[in-house]
Amino acid sequence: MTCTRLRTSRTSCLHRRDLGLLALRVGTGGVLAAHGAQKLLGWFGGGGVSGTAAAMDAMGYSPAKASALAAGLGEAGGGALLALGLATPLGGAAAAGTMAGAAAVHAPNGFFAMNGGYEYPAFLGFVAAGLAVTGAGRYSLDHALGHVLDRHWMVPAALVGAAAATLAVVGSRTKRVQEADTGE
């Protein structure tokens, strides 16, 4: 049902939508930031940069330390920006690109997370991309700052930039993994 059909005021509709965006941003951004803190700082049982670099190397990402830093910053930085509603196109695109890289690692296991599949990183990535497109809403730093870091042109620029970087990184990883599998 729309707000019009419910006979509520436009202000009430905006309030509900903005509260929903706030909940979605803080929840998704918080999860992403915590995952990034595991990678960068070793918090919450994470491996820190050195442990994450070893894992990245085993997954076929090279150079491993740069990959660990990029993944950690994409998650922690993108998640923090989403949670705050600051530079939302950049934060959402960074998180979405990072999650696409994670989904590529899990893709051979199928879709469902219970089998080690890509369900969870795909979900986080789609939510992050959706927030990048939708915007942060009224209860955000973007709104408080007059959308200086959330201009309309920034949405496609951020998403295209993240997609290009993700394709390059995942493509390079895929090539390395295939070469290792064939013994080249």
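Which residues are buried in helix 3? In this predicted model, the buried residues of helix 3 are Ala64, Ser67, Ala68, Ala71, Gly72, Gly74, Glu75, Ala76, Gly78, Gly79 and Leu82. An α-helix has 3.6 residues a turn, so residues three or four places apart point the same way. Helix 3 covers residues 64-84 and contains 21 residues. At 1.5 Å a residue, helix 3 should span 30 Å, and its end C-alpha atoms do lie 30 Å apart, so the expected and computed values agree. Just after helix 3, glycine 85 adopts a positive phi of about 70°.

Leu84 leads from this helix to the surface. Together with Leu141, Leu145, Val148 and Leu149, Leu84 makes a nonpolar surface patch of about 420 Å². One of these patch residues, leucine 145, is found in the loop that runs between helix 6 (141-144) and helix 7 (154-182).

Helix 1 offers a view of a charged residue. Aspartate 18 lies in this helix, which comprises residues 10-41. Is aspartate 18 buried or exposed? Its relative accessibility is 2%, and because buried means under 20%, aspartate 18 counts as buried. Leaving aside residues up to four places away in sequence, aspartate 18 touches Gly137, Arg138 and Tyr139.

The aromatic residues form a further topic. A pair of aromatic rings is described by the distance of the centres and the angle of the planes. The structure holds 3 aromatic pairs. One of them joins tryptophan 43 and phenylalanine 44, whose ring centres are 6.2 Å apart and whose planes meet at 90°. Planes over 60 degrees apart count as edge-to-face, and the pair of tryptophan 43 and phenylalanine 44 is therefore of that kind. Tryptophan 43 has a relative accessible area of 48% and is partly exposed. Phenylalanine 44, at 59% relative accessibility, counts as exposed, because the exposed class begins over 50%.

Phenylalanine 111 and phenylalanine 112 form another edge-to-face pair, with 5.0 Å from centre to centre and 80° between the planes. Phenylalanine 111 is partly exposed, with a relative accessible area of 39%. Phenylalanine 112 is also partly exposed, and its relative accessible area is 48%. Which residues form one aromatic cluster? Phe111 and Phe112 do so together with Tyr118.

Definitions and conventions
Residues are numbered from 1 along each chain as its sequence is written. This is a predicted model: local features need pLDDT of at least 70, side-chain atom pairs count only at pLDDT 80 or more; totals for chains, interfaces and linings use all residues. Side-chain values use heavy atoms; hydrogens and water are left out. Rings of Phe, Tyr and Trp (its six-membered ring) pair if their centres lie within 6.5 Å; planes under 30 degrees apart count as stacked, over 60 as edge-to-face and the rest as tilted. Buried means under 20% relative accessible area, exposed over 50%, partly exposed in between (1.4 Å probe, protein chains only). Patches are made of residues with over 30% relative accessible area and no salt bridge: like charges are joined within 9 Å, nonpolar side chains (Val, Leu, Ile, Met, Phe, Trp, Tyr) within 5 Å. Accessible areas come from the Shrake-Rupley method with a 1.4 Å probe; for residues, only the protein chains shown count as cover. A salt bridge is a side-chain nitrogen of Lys or Arg within 4 Å of a carboxyl oxygen of Asp or Glu. Helices (H or I, at least four residues) and strands (E, at least two) are DSSP runs, numbered from the N terminus. The expected span of a helix is 1.5 Å times one less than its number of residues. Contact means heavy atoms within 4.5 Å.
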